[in-house]
Amino acid sequence: MEDIKRALEEQIKALEYELTTELPAEIKKAVALGDLSENAEYHSAKQRQEFVNARLGQLKKRMGELAMVNLDNIPRDKVGFGSTIVVFDSTKDEEITYKLVTSEEADVTKGLISTTSPIGRALLGKEIGDTATVVTPNGKRELEVLKLTTIHGVAA
């Protein structure tokens, strides 16, 4: 969790520098070129400024959300954030291991799925022996929870 916060802080710092230092210099240079109505450099810098402002807002909101995560509220016997789950996918007839992570860490190729993804949402709150039904673009998948280790390191 600390790694995610640190990465977000670095992104925020870089975007704030761009917003307060680099973009004003670009805009000033573009204004010096004259006629703003057909000045591509000026319009490009202004668009980037709007994007950076919006992205900063998103990152700061996400930092606030992460600061509110209380690990004590995450269950010790059910699937929750940070859990590693081994499921049997009856559709694929195979065992798959997933770890529930934040959206920033998600990487399906490594088995890291977001708690907000369809699979992540379907597995939240499940216990060993429960079956989660996931609706995917390829149809429904049935995932039976075989093994569970929570963020607390507790094997349920």
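**Strand pairing and the end of the C-terminal domain**

In the hairpin formed by β1 and β2, four residues lie between the strands, and D93 adopts a positive phi near 55°. The model described here is predicted. Strand β1 comprises residues 84-89 and strand β2 residues 94-101; the two run antiparallel and are joined by six bridges. Within this pair, F88 is placed opposite E95 of β2.

Strand β1 also pairs with β5, a strand of residues 139-149. This pairing is likewise antiparallel and extends over six bridges. Here D89 faces L143 of β5 as its opposite residue. Strand β1 is thus paired with β2 and with β5. As a general point, side chains in a regular strand alternate between the two faces of the sheet.

These strands fall within a region that carries a record annotation. In an unreviewed UniProt entry, residues 75-149 are annotated as "domain: Transcription elongation factor GreA/GreB C-terminal". Over residues 75-149, strand accounts for 45% of the chain and helix for 8%. The C-alpha atoms at the two ends of this range are 11 Å apart.

The segment after β5 contains T150. T150 counts as buried because its relative accessibility is 3%, and the cut-off for buried is under 20%. When neighbours within four places in sequence are left aside, the residues in contact with T150 are P75, R76, D77, K78, G82 and S83.

Definitions and conventions: Residues numbered from 1 in each chain as written. Predicted model: local features only at pLDDT ≥ 70, side-chain atom pairs only at ≥ 80, totals over all residues. Heavy atoms only, no water. UniProt positions renumbered as here; feature names shortened; annotations may be inferred. Pairing = 2+ DSSP bridges. Buried < 20%, exposed > 50% of the residue type's maximum accessible area, 1.4 Å probe, protein only. Contact = heavy atoms within 4.5 Å.
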